Amino acid sequence: MLAAKDRLIVALDVDTAQEAEMLVAQLQDHVGVFKVGMQLFNSEGPEVLKRLHSLGARIFLDLKLHDIPNTVGQASAVLTGHGVYMFNVHTAGGKEMMEAAVRASVETASSLNLPRPLVIGVTVLTSINEEILRNEMGIDRTVEEQVVKWAKLAKESGLNGVVASPREIRVIRETCGNDFVIVTPGVRPAWSAKNDQKRVMTPKEAVEAGASYLVVGRPITAANDPVEAAKRIVAEMEEGLKC
Ligand SMILES: O=c1ccn([C@@H]2O[C@H](COP(=O)(O)O)[C@@H](O)[C@H]2O)c(=O)[nH]1
C-alpha cells in the first residue's frame with residue numbers, strides 16, 4: 001500500500017521554472033508527485049519537465065488532452081516521450097480518443113524503453129456543481145451519474161484511472177474496482193479556503209473514501225510555510241489511512 005506522502009500530488013501552478021524548482025526543492029521530501037499543468041507548461045515549454053526531472057521529481061503532466069483521436073494519439077506519444085509518471089485526457093473526448101491515447105503511450109514507452117505512464121481520464125471538473133452541469137452544460141444527470149458514466153467508459157477504453165472529486169470516490173470504487181486509479185483534486189483541509197473548488201472534502205475524508213492520489217495546490221503553494229502545510233496534509237491523510 002502506498003504511504004500517505006507518496007499519494008500527495010502538489011500542483012505547481014506557477015509561471016516560471018524557477019518558482020517550480022524552488023517548490024520542488026522545498027517539498028520533495030514531503031510529497032510523492034508534482035503536477036505540471038497548463039500554466040507552467042505553456043509558459044516554460046517541455047524544458048521545464050527536464051529541469052524538474054533532473055531534481056528527481058516524479059511528474060503528473062496535467063494538460064487534459066481533448067481533440068480528435070489521431071491528434072490525441074500523436075500528442076500522447078510526445079508526452080510519453082517526456083518520461084512523465086502520469087498524464088491525462090478528457091473522458092468527454094470519447095472511447096476512440098481514449099484508446100488512441102493508451103495505444104500511443106504503450107507503443108512509445110516500449111519503443112523508447114521508458115516505464116509506461118499512467119493514462120488518466122478527467123471526468124466532471126471539481127469546479128462544476130449540479131447547477132452548472134444542468135443549466136450551463138445541458139447535461140441532464142446528477143454529477144455522480146455523469147462521473148460514473150465517464151469512469152466506466154475510461155475503464156472500457158483501457159485507461160488506468162480517472163480524475164474526479166472526492167465525493168464520487170466511493171461510487172467509482174464500487175463500479176470500477178480497487179485497481180482503478182482515482183486521482184482527486186478538490187481537496188481542502190478545514191483550515192484552508194475553498195477558492196473555486198465546488199465539490200470538496202478534507203484530506204482525511206478523501207483518503208478514507210479510497211482515493212489513490214490527492215492533488216493539492218493553493219493550500220500548500222500559497223501557504224506562508226508550504227512545507228508545514230504539506231506536513232499537516234500528510235498527517236491528515238495518515239489519519240484517513242488508519243480508518
Ligand atoms: O477536476 C479537476 C481537474 C484538475 N484540477 C487541477 O488540480 C489543481 C487543484 O489546485 P488547487 O489550488 O488545490 O485548487 C489545479 O491545478 C487544477 O488545474 C482540478 O482542480 N479539478
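Reader: Which residue of β3 is the bridge partner of lysine 35?
Author: The model is a predicted one. Strand β2 (residues 33–37) runs parallel to β3, and 4 bridges join the two. Across this pairing, lysine 35 has as its partner in β3 phenylalanine 60.

Reader: Which residue in β4 is the bridge partner of phenylalanine 60?
Author: β3 also pairs with β4, in the parallel sense and over 3 bridges. There the partner of phenylalanine 60 is methionine 86.

Reader: And in β5, what is the bridge partner of methionine 86?
Author: β4 and β5 run parallel, with 5 bridges between them. In β5, methionine 86 is matched with leucine 118.

Reader: In what order do the 8 strands close into a barrel?
Author: The pairing around the barrel is parallel. From one strand to the next, the twist averages 25°. The order of the strands is β1-β2-β3-β4-β5-β6-β7-β8.

Reader: Which residue in β7 stands opposite valine 163?
Author: Strand β6 covers residues 161–163 and strand β7 residues 181–184; they run parallel and are joined by 3 bridges. Opposite valine 163 in β7 is valine 183.

Reader: How many of the 7 residues of β3 are buried?
Author: β3 is largely enclosed by the rest of the structure, because most of its residues are buried. β5 is largely enclosed as well, with 4 of its 5 residues buried. For β3, the number of buried residues out of 7 is 5.

Reader: Which residues does UniProt list for "active site"?
Author: The listing comes from an unreviewed UniProt entry. One of its residues is found in strand β3, and another has its place in the loop between β3 and α5. The residues in the record are Asp62, Lys64 and Asp67.

Reader: Is aspartate 62 buried or exposed?
Author: A residue counts as buried if 20 or more other C-beta atoms lie within 10 Å of its own. Aspartate 62 has 26 C-beta neighbours inside 10 Å, so aspartate 62 is buried.

Reader: With which residues is aspartate 62 in contact, leaving aside its neighbours within four places in sequence?
Author: Aspartate 62 is part of strand β3. One of the contacts is Lys35, which has a bridge partner in β3. The full set is Lys35, Val36, Gly37 and Asn88.

Reader: How many other C-beta atoms lie within 10 Å of aspartate 67?
Author: Aspartate 67 sits in the loop between β3 and α5. Leaving aside neighbours within four places in sequence, aspartate 67 is in contact with Val72 and Gly93. Aspartate 67 is partly exposed, because its count of other C-beta atoms within 10 Å is 15.

Reader: Around what arc of the axis do the buried residues of α5 lie?
Author: The buried residues of α5 are Val72, Gly73, Ser76, Ala77, Leu79 and Thr80. They are on the same side of the helix, because the arc they cover is only 165°.

Reader: Which exposed residues are carried by the face of α5 turned away from its buried side?
Author: The cover over the buried residues of α5 includes β3, β4 and α6. The face turned away from these buried residues carries Asn70 and Val78.

Reader: How far apart are the end C-alpha atoms of helix α6?
Author: Helix α6 has 18 residues, from 95 to 112. At 1.5 Å a residue it should span 26 Å, so the model agrees with a distance of 26 Å.

Reader: Against which elements do the buried residues of α6 pack?
Author: These residues are Met97, Met98, Ala100, Ala101, Ala104 and Ser105. They cover an arc of only 155°, which puts them on the same side of α6. Ser110 and Ser111, on the other side, are exposed. The buried residues pack against β3, α5, β4, β5 and α8.

Reader: How far apart in space are isoleucine 220 and arginine 232, C-alpha to C-alpha?
Author: Isoleucine 220 belongs to helix α11 (residues 218–221) and counts as buried, with 26 C-beta neighbours inside 10 Å. Its contacts beyond four places in sequence include Val10 and Ile233. Arginine 232 is 12 residues away in sequence, and the distance in space is 9.7 Å.

Note on methods. Residues are numbered from 1 along each chain as its sequence is written. This is a predicted model: local features need pLDDT of at least 70, side-chain atom pairs count only at pLDDT 80 or more; totals for chains, interfaces and linings use all residues. Two strands pair if DSSP finds at least two bridges between them. Axes are lines fitted to C-alpha atoms, for helices over the stretch in contact, and angles run from 0 to 180 degrees between N-to-C directions. The expected span of a helix is 1.5 Å times one less than its number of residues. A residue is buried if 20 or more other C-beta atoms lie within 10 Å of its own, exposed if 12 or fewer, and partly exposed in between; C-beta atoms are placed from the backbone. The arc is that of the directions from the helix axis to the C-beta atoms. Two residues are in contact if their C-beta atoms, placed from the backbone, lie within 7 Å. UniProt positions are given in the numbering used here, feature names are shortened, and annotations may be inferred rather than shown by experiment.
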